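Q: Got a minute to go through this one with me? I'd like to look at a few local details and then move on to the bigger pieces.

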Amino acid sequence: MNEDLRHHLGSLFAGAGVTGCLHAIDLDNGREAGLGADTPVLMASAFKLPLVLALFRAADTGLADLAGQVRLEPGTRTSGPTGIGAMTGPVTMTLRDLAHQALSVSDNAAADAIADHIGLGALTATAEAAGMAATRIAEICRDVAARTAASLGTTDPAQLTRLLTDPAALSRLATLDLTASNRTTARDCTTLLAGIWKDTAASPGSCSAIRHLLSLQVWPHRLASGFPFDDVRVAGKTGTLPTVRNEIGVVEYPDGGRYAIAVFTRSAATALNLPRADAVIGTAARTAVEYLRRG
Amino acid sequence: MDLVQHLRYFIAVAEELHFGRAAARLHMSQPPLSQRIQRLERELGIRLFDRSPRQVTLTEAGRLLLPEAREILSRVEPILSLASRMNAATSTVLRAGVPPHLEGDSIAALLGAFRESSPHTALDLRESTTSAQHQALGSGELDIGVLQLPFLAAGLVIGPVVHRPLGVLVAADGPLAEPASELLLSDLGGHDLVTFPRPAAPARYDEILDTCARHGYHPPAVHEADGGSFTAGLVLSGTAVAFGPETAPPHTGVVWRRLAGQPLAERLAVTWPKEQPHSGTAAFARAVTQVLGSGHAPAPEPRSRPASDFLAIPHGVLDE
């Protein structure tokens with residue numbers, strides 16, 4: 001792997017106040033680039049991609065019906081900042097649309113409803129089948145929420161929000177402990193994406209549907225920010241925890257070039273708004289892609 | 001008289017039958033060994049050796065005493081070795097880091113407070129930047145540190161946090177030194193800023209410059225300085241300002257001015273490794289807060305946005 005590139009990536013991350021792990025691979029010729037590609041990292045909401053893949057694989061084998069309707073009640077479903085998780089009334093939706101919510105806006109309620117439908121076992125089996133050898137997925141959104149409240153010792157909303165930016169509180173936050181949380185590596189995630197783009201992770205129809213859902217993600221501030229071109233398609237899934245900012249995705253150029261990229265960062269600052277930390281995910285990804293495109 | 005030690009001398013001479021060789025074996029010189037044997041003989045009231053210029057021989061009393069002396073030593077050795085092992089286990093060294101800009105009297109007070117509370121722990125205090133301490137805590141070269149927040153806390157425990165308001169050092173003969181209640185960051189416009197080098201504490205450096213920009217101070221140039229005298233020189237010249245805690249100004253031509261609203265309060269965090277913390281951790285943390293106080297700075301009230309995309313903020317946190 002190119003030392004200059006690794007040095008360049010390292011200084012980009014340092015300049016943005018983060019430490020970062022990155023892996024990028026050219027989906028057609030297998031050329032790769034990276035920094036800390038095999039370092040264990042916190043997965044955060046990026047686990048929703050193998051979760052949705054597990055749902056589509058279950059549908060492929062007749063174990064799940066994507067058109068089947070699920071009713072989510074406000075009192076019992078998982079809450080979150082977006083989608084159904086942020087709504088107030090009961091919602092009835094198909095599994096296929098729950099997958100749309102989980103990937104396009106990282107809806108916690110939708111993700112946990114899918115996990116409840118297929119079971120955690122299907123999720124771990126999918127990660128294994130997808131070749132994610134260094135990945136461990138053992139919890140879903142509501143487990144993370146429960147462990148967050150337990151670590152910080154409060155369920156008072158105002159106090160929790162304050163503690164989530166308090167460095168001392170974050171240093172004892174169990175959900176930031178790699179050994180106790182869903183973890184993966186940048187390489188495992190590009191392996192997962194490659195399977196979805198090469199139609200080997202599930203049936204071709206399912207892979208195509210997941211690719212479409214990933215391209216509907218609304219967030220422009222991370223991976224997509226590095227590719228501000230109308231003729232470049234960016235399909236990705238973010239993941240965020242206090243000080244953790246991730247995105248995994250595929251960038252497709254008009255000349256046919258396709259690159260799977262996974263970027264995982266940890267910021268020193270605990271502020272909720274760190275635009276440089278978000279943007280460096282795009283800048284670092286672009287740097288790696290340009291390296292791969294130079295051939 | 002230390003009887004056990006003197007019996008050791010006696011055994012060595014009795015076995016070597018030569019004062020020079022016995023002294024060499026005991027890693028000492030011959031005259032003190034001779035004196036100590038004489039002292040032992042006086043204490044016991046018997047002669048142990050017959051000395052002639054050419055040879056040394058045991059007396060009858062010496063021959064009788066030798067096995068008894070060996071017996072006593074064989075019983076004493078285990079007691080001494082156990083005691084020395086216990087001493088080694090309880091007297092330890094605590095390797096601790098403090099940031100380079102900490103004032104001299106604070107460091108002296110810190111050493112004193114720790115010595116008082118933990119007389120059996122030697123404090124190995126090192127001046128070191130936040131970045132260097134962070135790295136040393138991770139590699140096990142440091143047991144505890146005082147670091148400038150923010151920094152990545154993975155694998156570390158952040159203990160007590162000391163909040164210190166920062167003001168501005170300005171030239172005493174310049175317009176910023178004119179008596180007024182407090183300065184605003186935006187009042188500094190036009191002056192360069194002197195600060196520590198970014199690699200010393202990158203996130204704190206960014207935090208300072210972001211705060212300046214937010215409050216309307218856009219320094220035309222930022223000078224990174226390691227030492228206090230270079231900083232003082234740039235400030236003295238009237239072209240630059242620097243941020244620092246309220247202490248005696250470093251130079252007579254420099255004055256310290258308060259900043260309204262404490263926008264730049266510094267947070268110093270006592271920090272140690274999560275795994276196997278040193279036994280002196282709590283005492284050092286107490287000494288730091290005792291010396292520096294804990295203080296309190298106004299913390300911003302965070303307002304979450306959906307794009308923060310936090311995975312699973314607990315139920316209800318975002319129901320606003």
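A: Sure, let's start with a loop: Pro150(B) sits between S5 and S6 of chain B. Keep in mind that this is a predicted model.

Q: What's the peptide bond from Leu149(B) to Pro150(B) like, cis or trans?

A: That bond is cis, with omega near -5 degrees. Most peptide bonds are trans, so a cis one is worth a look.

Q: OK, and which sheet do S5 and S6 of chain B belong to?

A: They're in an open sheet of five strands in chain B, and the order is S4-S3-S5-S12-S6. The pairing is mixed.

Q: Which strands are at the edges?

A: Strand S4 (121-127) and S6 of chain B, each of which pairs on one side only. From one strand to the next, the twist averages 20 degrees.

Q: How do S6(B) and S12(B) pair, parallel or antiparallel?

A: Antiparallel, over seven bridges. For a landmark there, look at Val157(B), which stands opposite Trp272(B) in S12(B).

Q: Which helix packs on the sheet?

A: Helix H6 of chain B, residues 130-139, is one of them. It touches strand S3 (92-98), strand S5 (144-148), S6 and S12 of chain B, and its direction makes about 145 degrees with that of S5(B). Helix H9 of chain B, residues 281-292, lies across S3, S4, S5, S6 and S12 of chain B. H9(B) runs at about 170 degrees to S12(B).

Q: Switching to charges. How many salt bridges does the structure hold?

A: There are 32 over all chains. One of them ties into the sheet we just went over: Arg164(B) pairs with Glu266(B), and their closest N and O atoms are 3.1 Å apart.

Q: Where do those two sit in the chain?

A: Arg164(B) is in strand S6 (residues 156-164) and Glu266(B) is in strand S12 (residues 266-273), 102 residues apart, so the pair links distant parts of chain B.

Q: And is Arg164(B) buried or exposed?

A: Buried, because its relative accessible area is 9%, and the cut-off for buried is under 20%. Glu266(B) is buried too, at 3%.

Q: What about a pair with some exposure, say Arg71(A) and its partner: which residue is that?

A: That's Glu73(A), with the closest N and O atoms 2.6 Å apart. Arg71(A) is exposed at 53% relative accessible area, while Glu73(A) is partly exposed at 33%.

Q: Back in chain B, which residues are linked in a network of salt bridges?

A: Glu15(B), Glu16(B), Arg21(B), Arg25(B) and Arg70(B). Within that group, the side chains of Arg25(B) and Glu15(B) meet at 2.5 Å, N to O. This pair also links distant parts of the chain, with Arg25(B) in helix H2 (residues 19-25) and Glu15(B) in helix H1 (residues 3-16) of chain B, 10 residues apart.

Q: How accessible is Arg25(B)?

A: Arg25(B) counts as partly exposed, at 37% relative accessibility. Glu15(B) is partly exposed as well, with 38%.

Q: New topic: backbone angles. What's phi of Ala44(A)?

A: Near 50 degrees, which is a positive value in a residue other than glycine. Most residues other than glycine have a negative phi. Ala44(A) lies in the loop between strand S3 (41-42) and helix H2 (48-60) of chain A, and at 3% relative accessibility it counts as buried.

Q: And phi of Gln262(B)? What value does that have?

A: Near 45 degrees, so again positive in a residue other than glycine. Gln262(B) is in the loop between strand S11 (254-257) and S12 of chain B. With 29% relative accessibility, Gln262(B) counts as partly exposed.

Q: Last one: where is Thr135(A) found?

A: In the loop between helix H5 (120-129) and helix H6 (141-152) of chain A. Thr135(A) counts as buried, at 14% relative accessibility.

Q: What does Thr135(A) touch?

A: Leaving aside residues up to four places away in sequence, Thr135(A) touches Met43(A), Arg183(A), Thr184(A), Thr185(A) and Asp188(A). With Asp188(A) there is a side-chain to side-chain polar contact at 2.6 Å.

How values were computed: Residues numbered from 1 in each chain as written. Chains lettered and ligands numbered in written order. Predicted model: local features only at pLDDT ≥ 70, side-chain atom pairs only at ≥ 80, totals over all residues. Heavy atoms only, no water. Salt bridge = Lys/Arg side-chain N within 4 Å of Asp/Glu carboxyl O. Buried < 20%, exposed > 50% of the residue type's maximum accessible area, 1.4 Å probe, protein only. Helix = DSSP H or I, 4+ residues; strand = E, 2+ residues; numbered from the N terminus. Pairing = 2+ DSSP bridges. Axes fitted to C-alpha atoms, helices over the stretch in contact; angles between N-to-C directions. Contact = heavy atoms within 4.5 Å. Polar contact = N/O pair within 3.5 Å; in protein donor to acceptor, adjacent residues only side chain to side chain.
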